[in-house]
Amino acid sequence: MKVSPNSQAARPTGHYDVAILGAGMAGATLGAVLARNGVKVLLIDAGTHPRFAVGESTIPYTSAMARIIAQRYHVPEIEPLASFRGTLARISPMSGRKQNFGFVYHAEGSSQQPEQINQLVIPEWQRTECHLFRQDVDAYLFHTAIAYGAEPRLGTRVTDIEIDPADGVVLRADRGEEFSACYLVDASGYRSPVAVKYGLHEQPTRARHHSRSLFTHMIGVKPFDDTAAAQSHKQPIPWHHGTLHHVFNGGWLWVIPFGNHEGALNPLCSVGLTLDERVYPRPDLPPQQEFDDFLARFPQIAEQFAGATPVRPWVSTGRLQYSVTRTVGDRYCLTSHAAGFIDALYSRGLTNTFEVVNSLAWRLIEASRDGDWSTERFAYIDRLQQGLFDVHDDLVYSSFVGFRHYDLWNAVIRVWKSTSILPTVAVEKALSAFMASGDEQVLRDLEKTQTPGLPAPVGQDIGELLACTRSLCGRVEEGVLPPAEAADLLFARIRESAFLPAPFELGVPENRFFEATPALLEQVAGWGRTAAPEHMRALFQR
Ligand SMILES: Cc1cc2nc3c(=O)[nH]c(=O)nc-3n(C[C@H](O)[C@H](O)[C@H](O)COP(=O)(O)OP(=O)(O)OC[C@H]3O[C@@H](n4cnc5c(N)ncnc54)[C@H](O)[C@@H]3O)c2cc1C
């Protein structure tokens, strides 16, 4: 993207090219990118920074997207966010490291089976993902945006929005202020005033998945590795070096430590319990009592929390899932968390946020230069967001059904790996090509996919595998297919999936750990050049 001086310098003050509602991760990142590229931006938020937020665990795809945004839009301040070391050194020394995704399966009433564990190691020689201490990160991004010239309005709640498709948007705030803009980005999260005003929420949501959550930050959480249950675990690296998921029929519990590295300053740990509200209806109890009652049912999980206390009030939600009929309309766009939400499982929230920022930003920059704010220009963003929503729904829905029986869960987790690893390879490949050539077209080409939300050339294959997984899990939920049989069928389907790199051995049930060692990647590169389906070969060419 070429940087040019502000094309709208002649407009009166109080009028903006783009008004961004919400200065969280989405709004602040977009604000920084737009302001850096000469767009006149208003960044408005009811609250102030720093402030508590969840969405702490990054995945390789999140980091790849952060790097793409930093490079493509010339915002070097975003680049450190793409790695744990960068985040620690430049943004937040209070953040933790994520060297693995760990999953420990529990069946209520029986002892945890030491072989019912799964771990995906993030290889240290390659990268380290992060447990972001969001209050630091969000404040940093916000300050980056205003340093580039975005105009801040904190402590300003927008109470009314008026949109004229021909002319633009007027925002009215609680203290009588009025702002106008050519375009409105609603990055306000789940309360989205645009969705409310224009009746965009799907009622009920189309999400198959059901869950609610209670979460807080705690002190005194013991590493699970030090508990009795973990003594017979043979996973490659300690659970506490990454994000730990305790999974069980009806839900999962996240443990995201910030103080899990040498020289750590932050003793806190993010803890969240996510439950299918149909299996665990919300009780009329304080959240701490509900958490304690839950731990009483799972004493092997409880050991980790024996000395733990919350350092801030619990947040207890109703059903988490919501969606909108459209995320783009005349003169407005909702960004991912305002547009919908499924579940924190697999930590895809920030990834989706960055993916949307990446595709939205260049359109807004061009519109601010040529004055074409037509809805058609932004149509892809809607397809992308609806696709991201549905992919995540299929994945989490199937996982929760999988939680009923370890064998099925052990199969479904391979499908998650396929949605995670190959798309990351695809976007990293595009980033390398962009860095080598400076040709932005390679990044625009990422949008040429038949399956928005899953990048080419693997999107179609993954989409079909996901559909098959969802259908098998649907039959389990209906009670017409026993979970163990569904597991066998899904493993068979995985083994038949020619697009899954054979050296990964995802179809072998006993292969419960995944670690991309240099030797394994060498084998995969060989497979990619010689045995992979034709349409995928380019992904593996050096
Ligand atoms: C329980 C839970 C766990 C999660 N865990 C993960 C995870 O591990 N990894 C991950 O990647 N993602 C996770 N997510 C998703 C992640 O939290 C979101 O993707 C991300 O925080 C969204 O950022 P945002 O900037 O869109 O919204 P927010 O951070 O919610 O910011 C919205 C801002 O808009 C402002 N606002 C709202 N209404 C108005 C108004 N009327 N006027 C002015 N301002 C307004 C608010 O004050 C707020 O500052 C999780 C989400 C939940 C609910």
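**Figure 1. Lining of the second largest cavity in the predicted model.** The residues around this cavity comprise six nonpolar, five polar and two charged. The enclosed space amounts to about 110 Å³. Of the 13 lining residues, Tyr 61, Arg 348, Thr 351, Thr 419 and Pro 423 lie nearest the centre. Helix 9 and helix 11 (406–437) are the elements that each supply two or more residues to this lining.

**Figure 2. The largest cavity, one of three of 30 Å³ or more in the structure.** Its space is about 130 Å³. Sixteen residues form the lining, and those closest to the centre are Tyr 61, Glu 355, Tyr 380, Leu 446 and Glu 447. Two or more lining residues come from each of helix 2, helix 9 and helix 10 (379–402); helix 9 contributes the most, with three. By type, the lining of the largest cavity holds ten nonpolar, four polar and two charged residues.

**Figure 3. Helix 1 (residues 25–36) and its surroundings.** The end C-alpha atoms of helix 1 are 16 Å apart, in agreement with the 16 Å expected because twelve residues are taken at 1.5 Å a residue. Eleven of the twelve residues are buried, among them Met 25, Thr 29, Leu 30, Val 33 and Leu 34. The elements covering these buried residues include strand 1 (15–21), strand 2 (41–44) and strand 10 (178–186), together with helix 2 (60–72), helix 4 (134–147) and helix 9 (349–370).

**Figure 4. Backbone just after helix 1.** Here Gly 38 adopts a positive phi of about 85 degrees.

Conventions:
Residues numbered from 1 in each chain as written. Predicted model: local features only at pLDDT ≥ 70, side-chain atom pairs only at ≥ 80, totals over all residues. Heavy atoms only, no water. Helix = DSSP H or I, 4+ residues; strand = E, 2+ residues; numbered from the N terminus. Expected span 1.5 Å × (residues − 1). Buried < 20%, exposed > 50% of the residue type's maximum accessible area, 1.4 Å probe, protein only. Contact = heavy atoms within 4.5 Å. 1 Å grid on protein atoms, 1.4 Å probe; cavity = no way out; pocket = protein on both sides within 12 Å on 5 of 7 lines; lining within 4 Å. Points joined across faces, edges and corners; volume = space filled by probe spheres on them. Nonpolar A, V, L, I, M, F, W, Y, C, P; charged D, E, K, R; others polar.
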